[in-house]
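This briefing introduces a protein model together with its bound ligand. Please have the sequence and the structure in view while reading.

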Amino acid sequence: MSEVAKKFAELIYNSNSIAVLSGAGMSTNAGIPDFRGPNGIYTKANIENPERIFDLDYFYLDPSLFYKFHKKFLEYITKAEPTFTHKFLVQLEKEGKLKGIVTQNIDSLHQKAGSKKVYEIHGGCWKNYCTKCKRKYSQEEILEKMNNEVVPKCDNCGGVIKPDIVFFGEPVKYLTESEILMKNSELVLVLGSSLAVIPAAMLPSLTKGKIIVVNKGEISEMYLPPQKVALIVNEELDTFFMQVAKEWVGSGAKGR
Ligand code: CNA
């Protein structure tokens, strides 16, 4: 692994405009399960067609299926702390190399770690609103409601409350900003994503430079132009980034 980590460290050292596309694999070490990994929410759901948990039409038909999973998910998120890799990205941004993160994650761990420019294209769990009257609910209010109601309902009008996360059937957020970030980058790091969900999976191909994928497990290469792919690293993120950090310091890159 150390040869690959060395090459990775060299590529980031030589780039002054890095963009990141992160996915659920970023946060599994923080105790938040992904969707499609071996312990993922879909993998373990034990229901037919688990994608319907996040399907908008299905949510309006029966929000209780979503909330059954969401209650557990919020418990994980509330306890979660940023990982080594989250913190590594904060450092890269401070050094001026990393220009921004597009995340498919809804756990806000990049921001909790201290990253400044983060586009949550699938939204975030801590903003919630009534689907009827649009009244907003804070993190505290929603946690309180989730303790007492199976499906949280609006105090004003009784409408079903929905977190501001992007379900299948809804447009993603910050798409233009994310596209610009990718287009202006010299290097894109895809971290902990199976690249199964579009349009997110299509973003790395916009770079004028190279793409590196670090993901333990299968990925879809459908939207990865082979001529732009510099490395595909099938490793666990934190283990790999600890190795990269050693190479980084070893190369004397820090502080130069
Ligand atoms: P995904 O399809 O579940 O893929 C995650 C990938 O990461 C899988 O290939 C895993 O094998 C891999 N993986 C898991 N842990 C690690 C690790 N420690 N190191 C390296 N690789 C690892 O998730 P995507 O993000 O690609 O799919 C997009 C969905 C997942 C988005 O809509 C998210 O909102 C959604 N999601 C987000 C969270 C979160 O916010 N933490 C959790 C679960 C799902």
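The points below treat the ligand and its surroundings, and then a group of annotated cysteines.

The model is predicted. Its ligand sits in the largest pocket, and 29 residues surround that ligand.

**The shell around the ligand**

- The residues that come nearest to the ligand are Gln104, Ile106, Asp107, Ser194 and Lys216.
- By residue class, the shell consists of 13 polar, nine nonpolar and seven charged residues.

**Polar contacts and burial**

- Ile106, one of the residues that come nearest, places a backbone N or O atom 2.7 Å from an oxygen atom of the ligand.
- The side chain of Ser193 has an N or O atom that lies 2.8 Å from an oxygen atom of the ligand.
- Glu236 has a polar side-chain atom at 2.8 Å from a nitrogen atom of the ligand.
- The ligand taken alone exposes 860 Å², and the protein buries 94% of that area.

**The annotated cysteines**

- According to an unreviewed UniProt entry, the annotation "binding site" covers Cys130, Cys133, Cys154 and Cys157.
- These cysteines are spread over 28 residues of sequence, yet they cluster in space, with a largest C-alpha distance of 8.5 Å.
- Cys130 belongs to strand β4, which comprises residues 123-130.

Technical notes:
Residues are numbered from 1 along each chain as its sequence is written. This is a predicted model: local features need pLDDT of at least 70, side-chain atom pairs count only at pLDDT 80 or more; totals for chains, interfaces and linings use all residues. Side-chain values use heavy atoms; hydrogens and water are left out. A residue is near a molecule or strand if one of its heavy atoms lies within 4 Å of it. A polar contact is a pair of N or O atoms within 3.5 Å; within protein, one must be able to donate a hydrogen and the other to accept it, and residues adjacent in sequence count only if both atoms are side-chain atoms. Accessible areas come from the Shrake-Rupley method with a 1.4 Å probe; for residues, only the protein chains shown count as cover. On a 1 Å grid over the protein atoms alone, a cavity is a set of points where a 1.4 Å probe fits but cannot get out, and a pocket is an open set with protein on both sides within 12 Å along at least five of seven lines; lining residues have an atom within 4 Å of a point. A molecule sits in a cavity or pocket if more than half of its atoms lie within 2 Å of its grid points. Ala, Val, Leu, Ile, Met, Phe, Trp, Tyr, Cys and Pro count as nonpolar, Asp, Glu, Lys and Arg as charged, and the others, Gly among them, as polar. UniProt positions are given in the numbering used here, feature names are shortened, and annotations may be inferred rather than shown by experiment. Helices (H or I, at least four residues) and strands (E, at least two) are DSSP runs, numbered from the N terminus.
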